[in-house]
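Here are my notes on the coordinates you sent. They are set out as numbered points, to be read with the structure open.

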Amino acid sequence: MDRITIFDTTLRDGEQSPGASMSVEQKLEIAAQLARLGVDVIEAGFPISSPHQLEGCRLIARQVRGPAIAALARAVEKDIDCAADALSEAEHPRIHTFLATSPLHMEYKLRKKPDEVVEMAVRAVKYARNKAAEVEFSPEDGTRSEVPFLCRVIEKVIDAGARIINVPDTVGYTMPSEFSDFLRAIMEGTPNIDKAVLSVHCHNDLGMAVAAVRAGARQVEVTVNGIGERAGNACLEEFVMALSVRSDILPYTTGINTRQIYNTSRLLSNTIGFPIPRNKPITGENAFAHESGIHQDGVLKKRETYEIMTPESVGRDASLLVLGRHSGLHGFKNRLSELGLSLSEEEAKKAYVRFLEIADRKKEVYDDDLYVIVSDQLGHETETYGLDYFNIQSGNVAVPTATVRIADGAERHEEAATGDGPVDAIFNAIDRALGVQTKLLEYVVQAVTPGKQAIGEVSVSLEIDGRKFVGRGASTDILEASAKAYVNALNRWKAFQSVRRGDDESNDVV
Ligand SMILES: [Zn+2]
């Protein structure tokens, strides 16, 4: 199988997304993750454009090992000098130089005649060749260039030493079949094309991702999460998984460790504060969620019925079944049993009717709602406990001490306890107030929204009587969110106790 080179430009073109700029340290962190992901080339920046860009490239070139490190340069000496300087400590440096070749760009932007453009490109490539082992050349606005002229430029720069010819669809204009024909025409019209690797660089303005590989391109320039100028670039994870899922018609390999995809996508999203759209392919929250009853039923019977790839293959744990109006009885009952809620056939049917009423008003029904539905069905109140108030005394010399008051129906339980830290003290005080024995399995804090006023979401996972219960709490105060999450988990435990049946053998409540 032919191997496709993955050239990642998240840190260069991707960072050009309005609002996506990263600090030098953040770039280094992303670059290190890209190396773990297994990309072949990291385009670290455009060094001449700012001191910050230069510094970022330099740091990545110095510290990141494995992938080749590329830096962008216009086809002029000072840009190339600057790129070479930025890459001086790289293991495998690559200078990526570009010059526009479309009539529009040559006439209005460069104000140069075609012959001058050819000469300038050749000079730049020769110059770069003396500064770095690998030189990539891009005819900017390639897809709006005339094929005979493009072939002439490409032939000359290959002779001058360019080893990668990257054809960019700079403005995101070309259609997939047109692009294939265009690339074939370039390959046919350039006699020495076999001495270079043909690469493509696509944007997503019209929703067209990379369609060029079948026409002979062997490098693709992509970004994580598809970030980039305007509507973004072709998306790394979508391209890689397309090769993987459709290997029957796309017999190409890459060096990507697909199990690192989800982590990489989340890391970038958190770093630049661009949330991943729920419906984004591969890494969006809903990418493996099935709502239609027919789909849910199918997935439960055999996953491949409605999933063309597994969530595990991209580093996600399991597919999430979001219950909604279209969920069938089978999906509903299955989720209940995953939650440790076991009902008789008769009760389940009644609860399902109630569930449909709620789902009619509320698009998505979450697990919390299911507890309410099920306990309603059985005539119980779900929320046994409520957090009345809590008080914390803490500091770097004092022993953290918490006082809590928990509402339990008409009763109030108040207790104080100490702990290793304020969160531990709160949890101990709650345990003591309610007289429960728990084991904390997991405690995770994350910001739901970016910025200083961020809401922190805490999720805890507790073991009680050998079973696992998860609780969540949100607040702008992390301690309050922690207390809420803990009480929430205890409420789930109570809800579980009130609906549990002796014949239930399942072990986890997640
Ligand atoms: Zn671009």
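1. Helices and strands here are DSSP runs, numbered from the N terminus, with at least four residues for a helix and at least two for a strand. The model is a predicted one. In those terms the chain has 15 helices and 18 strands.

2. On the overall packing, 51% of the 510 residues count as buried. Among contacts in the chain with a separation of 6 or more, 65% are between residues 24 or more positions apart.

3. Aspartate 141 lies in the loop between strand S6 (134–140) and helix H6 (147–159). Its phi is near 60°, a positive value in a residue other than glycine. Most residues other than glycine have a negative phi. Aspartate 141 counts as buried because its relative accessibility is 0%, where the cut-off is under 20%.

4. Isoleucine 282 also has a positive phi, near 70°, and is not glycine. This residue belongs to the loop between H9 and H10. With a relative accessibility of 6%, isoleucine 282 counts as buried.

5. Threonine 283 is in the loop between helix H9 (261–272) and helix H10 (293–301). It counts as buried, at 2% relative accessibility. Which side chain does the side chain of threonine 283 meet in a polar contact? The partner is serine 265, at 3.1 Å. Leaving out residues up to four places away in sequence, threonine 283 touches Asn225, Glu237, Ile261, Tyr262, Ser265, Ile276 and Arg316.

6. Helix H2 (residues 51–63) passes a simple length check. Its 13 residues should span 18 Å at 1.5 Å a residue, and the end C-alpha atoms are 18 Å apart, so the two values agree. The buried residues of H2 are Gln53, Leu54, Gly56, Cys57, Leu59, Ile60 and Ala61. An α-helix has 3.6 residues a turn, so residues three or four places apart point the same way. The buried residues of H2 pack against two helices, H1 (24–37) and H3 (77–86), and two strands, S3 (41–45) and S4 (68–74).

7. How many disulfides does the model contain? The count is zero, taking a disulfide as two cysteine sulfur atoms within 2.5 Å. For cysteine 57, the closest cysteine sulfur is that of cysteine 82, 8.2 Å away, which is too far for a bond. Cysteine 57 has 0% relative accessibility and therefore counts as buried. Cysteine 235 is buried as well, with a relative accessible area of 6%.

8. Three strands make up an open sheet, in the order S13-S14-S15, with antiparallel pairing. Strands S13 (385–393) and S15 (411–418) are at the edges and have a single partner strand each, so one side of each is left without a neighbour in the sheet. Direction ignored, neighbouring strands of this sheet are turned by 15° against each other on average.

9. S13 and strand S14 (residues 401–408) run antiparallel and are joined by eight bridges. One pair to inspect is asparagine 391 and its bridge partner in S14, threonine 403. Helix H14 (residues 422–434) packs on the sheet and touches S13, S14 and S15. The direction of H14 makes about 140° with that of S15.

Notes:
Residues numbered from 1 in each chain as written. Predicted model: local features only at pLDDT ≥ 70, side-chain atom pairs only at ≥ 80, totals over all residues. Heavy atoms only, no water. Pairing = 2+ DSSP bridges. Axes fitted to C-alpha atoms, helices over the stretch in contact; angles between N-to-C directions. Contact = heavy atoms within 4.5 Å. Expected span 1.5 Å × (residues − 1). Buried < 20%, exposed > 50% of the residue type's maximum accessible area, 1.4 Å probe, protein only. Polar contact = N/O pair within 3.5 Å; in protein donor to acceptor, adjacent residues only side chain to side chain.
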